[in-house]
Amino acid sequence: MNYKSGKLSWPLVVSLLTMIVFPLAVQAEKQLPNILIILADDMGWADPGVFGSEIETPNIDQFAKEGVRFTDFYTNPMCTPTRVTLMSGLDHHVAGAGSMTLFTAPNQQGKPGYEGWLLPEFKTLGDVMQEAGYETYVTGKWDLGRFPELIPRARGFDRDFVMLDSHGSHYNMTNLYADNPKLVFTEDGKYLSRLPDDYYSSKTFTDKMISFIDDGRKSGKPFFAFLSYQAPHDPHHVDEPWRSMYQGVYDKGWTYFHRQRFQTQKEEGLLPDGVELAERYWYLPDSEILSPVVRATVGRHMELYAGMMTNMDYHIGRLVQFLKDIGEYDNTIIVFFGDNGPEGNNTFEAITAPGLANNIFRARNWSEEHHINVLGTPNSYPEYGAGWAQVSTTPFYGHKSYPSEGGIRNSLIVKMPGSELADGSIRGDFMHVSDIMPTLTELTGQKFPNGKATGKSWLGIFKDPDSQVRSEDDWVGWEIMGAMALRKGNWKILNNWRPYGTGEWQLYNLENDWAERHDLAKERPELLKELVALYENEFMPDNNIILPNRAVSESLWNTMPVRFPQYDNYPPGMYRKQYIPPADMIAEPKE
Amino acid sequence: MNQIKSRTFQLLGSCLALTTFLFVSIAANAISLPPRFFHKTLVGTNFVPILGMNVDGNVNPLDPSYTISSDADIEANVVMAGYARNFSLFGRSSQLAYMQPMGDISIRSTSGAAFPIDSSANGFGDPFFEFNINLIGPAPQRTLPDALRYNPGFSMDLLLDLSVPLGEYDKGEAVNMGMNRFWGRVGFPMIYQIGDVWAPGHRTSFEVIPAVIWYGDNDDYGPTGNFTQSTDPGYSVAAHLTHDLSDEIWVSLDYTYMQLGDSEVGPVETDGKSFSSVGATIGTQITRNMVFSLGYQTTMDDNDPKDIQMSTFSASITFFWGSVLEGLHRIGSDGQ
């Protein structure tokens, strides 16, 4: 090659070198779509309108109309584990959040993988998307660590406005703990001394995300945006008019809505034939028997939850409108899901129980929680409890912190520009939150950065609708605080704490037993044995599972009422009516 | 669940008590329209208000035309007791009340040294009836959830009052418990809720009550009882800024302006006077179904002997009950 010949100019050399050195960046700038991941916090599978809910979520619904609803998408049973897996593509026991920090067992303490945050040695989605030439933004709940080496600025995000903690006020920095009274936030790598004026979680997180995207437009790069809402996690704080928009709606009670959503889901084609509705928790009454004032009071909690959902949807709509205004909406992949099942444990009550220092903290900071008209305002702490959590997980059994379907299956909507899948379609691919990292690394032409990937890329199904994300031989395992589960194909084994479970391995066929009502362990002992062996011999050792020697759920068998089967329509409850005899058989008494 | 139920009924009791509080002050004096009087409560709730007041000034507090007795010192110790009930009428929240004044009143005047007045009266005053119906605002509270969810927002009522001359009246006496004439009032009480939370410990309201007052004639008026007392209609505006200090204590800053109508006693015509008074009220709940308040109000800019002067110290107790609330209490479901 004769450089003096002039056949190869220096600018061309520089360009070629640039393409060799920064191939991904060039690819990103010229070809790749923007990516927006929207994560809801403690939202149930059945809460978006397009998953059978009565809650108004028009903007989320629009994603489904322009994209695809996935009915068999799984997360982990709790928030930090899901977020760790989302960010790293790894099982949470490997990546640093083997358990929630609050619930780390004595035999797990100090063990690698059980630190309670995403270990810094693993690359995050922020890292890989940054390396792919994306502008990377995160706003909302981080929940992956509070030390400087763990905050978004250190984990591959160019811009951030995040709450580092797991939960707390939606209006200010009030936390739940006497020894940890203030929530900690960062903005662009700095810890905040105070929150912006007029702060409300969903509003501010959206405002910041819009401003980040707007500021980043001049770079010409696509953006990777992780909008991690704190809503609808308790406390169920929300402003007017959303605070009042569902007033009285939920007076009908959880039993009514449990059945109503199930019916809507069937009509919408979300459920395979033969799927039953999960049994109502044995410790909850049929809401039909509750007095009107009690139904109004407990219904108020669901009013606020629904208001938060609609409020979150409203802010999502603002972001969508902004993307349309700047001409980026059509070139943006949107992924929407919730991080785990809904909160049905009344955790706040446990954390702030009488006798604890947190109880005094609660009295000082969270005391005004009691009146129906106060609930939802800044100093109240509404959490909606197991009755409504069951509605949120319709038709599943279980809720957050359990690997029953209601605790781990969540509604996923993906809007993928250029997808071969029909707009508005519903698919039942077996998917997991660990798939997102492999999907995005494949999209950007990178290798999975954190060792062996257990997740599966989703890109194939968007190119070939006949393909599946997982084969019948692929499996995913779960463990949280000693509760265990594994799904392989349509078969699932579950070992849940009594009385939510039996304390023994159970076997379910998820082809049509989504509600986990029919334990087939005795009918299919060989299959059970095979799957348990898979769990114990592959999932546990490969994923650093250390079963806890203590767990918060271990005493539930003793403190909760004895469980009994609860079948639909018995007791008759809402179907109990005054009997009116045939008119021709009614007579006056003979005097 | 039990905890929710217990808490719910406890709240309901205090909620009802505090929203219905000052039915008692139906007539802190004859004209005054007290704070939180027009807040609504559960349909079917019954009230027995008992109001004691001590009034000191130069007018008869039971006479809504406030005829000045020059250089007089009038003192009244009056109790007003009665019964009231909330109900729904034409789909709107309504109230009907009956109040009966009783007590004693005395006057002492030395303005005409030759004829000093030193007179007193006691017994029953004129019974007073009040009807109130909401025109703009929340629907009637027919159920316990309605009561819990009550938010006045902006509310406006129609108020109709009538005092019937059945009280004790002696011709020729300088003061009487009865007025010997009808009088009435038409008003439009308005409430503006400040803030979006209406619950014990959070309530703040600004209340304005414009009203027109009309009077019948007293044909047995004056020292001899041979004069006719006629008074043109007057009007008043009462305003209150009320605020909850805590879940169970609230206070109010009170202001009243009144323009009296021109009056005529025999051949003597007098231009109607105007006056303003300011005061404060504090209220609280004592038991499950009894509330209590203290108030003080005094006229402003009243140094001229011809100015109306009146200071009122009042204390009130209101008992209230409703069939559902009592039933819940009897079976131990109200958390008390």
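Let's start with a pairing you can look up right away: Arg194(A) and Asp197(A) join their side chains in a salt bridge, 3.7 Å from N to O. Both of these residues are exposed. Keep in mind that this is a predicted model. Across all chains, a search of the whole structure turns up 41 salt bridges, and a few of them are picked out below, along with two helices.

**Salt bridges**

- Here's the general idea: side chains of opposite charge can pair when their charged atoms come close.
- Asp198(A) and Lys203(A) make a salt bridge, and their closest N and O atoms sit 3.6 Å apart.
- Asp198(A) is exposed, at 59% relative accessible area, while Lys203(A) is partly exposed, at 25%.
- Now look at Lys492(A) and Glu516(A), a salt bridge whose closest N and O atoms are 2.9 Å apart.
- Lys492(A) belongs to strand E16 (residues 491-495) of chain A, and Glu516(A) to the loop between strand E17 (506-509) and helix H16 (525-542), so this pair ties together parts that are 24 residues apart in sequence.
- Both Lys492(A) and Glu516(A) are buried.
- That pair has company: salt bridges with shared partners link Asp72(A), Glu405(A), Arg409(A), Arg487(A), Lys492(A) and Glu516(A) into one network.

**Helix H12 of chain A**

- Helix H12 covers residues 385-392 of chain A and is mostly covered, with eight of its eight residues buried.
- Among those buried residues are Trp388(A), Gln390(A) and Val391(A).
- What do the buried residues of H12(A) pack against? Their neighbours are helix H8 (254-268) and helix H9 (292-325) of chain A.

**Helix H16 of chain A**

- With 18 residues at 1.5 Å a residue, H16(A) should span 26 Å, and its end C-alpha atoms are 25 Å apart, which agrees.
- H16(A) has a kink of about 30 degrees, centred on Tyr535(A).
- Tyr535(A) is also one of the buried residues of H16(A), together with Leu527(A), Leu528(A), Leu531(A), Val532(A), Leu534(A), Phe539(A) and Met540(A).
- If you're scanning that list for a pattern, here's a handy rule: an α-helix has 3.6 residues a turn, so residues three or four places apart point the same way.
- The cover over the buried residues of H16(A) includes strand E14 (475-480), strand E15 (483-488), E16 and E17 of chain A.
- After H16(A) comes Asn544(A), which has a positive phi, near 60 degrees.

Notes
Residues numbered from 1 in each chain as written. Chains lettered and ligands numbered in written order. Predicted model: local features only at pLDDT ≥ 70, side-chain atom pairs only at ≥ 80, totals over all residues. Heavy atoms only, no water. Buried < 20%, exposed > 50% of the residue type's maximum accessible area, 1.4 Å probe, protein only. Helix = DSSP H or I, 4+ residues; strand = E, 2+ residues; numbered from the N terminus. Contact = heavy atoms within 4.5 Å. Salt bridge = Lys/Arg side-chain N within 4 Å of Asp/Glu carboxyl O. Expected span 1.5 Å × (residues − 1). Bend = angle between axes of the 7 residues up to and from the residue.
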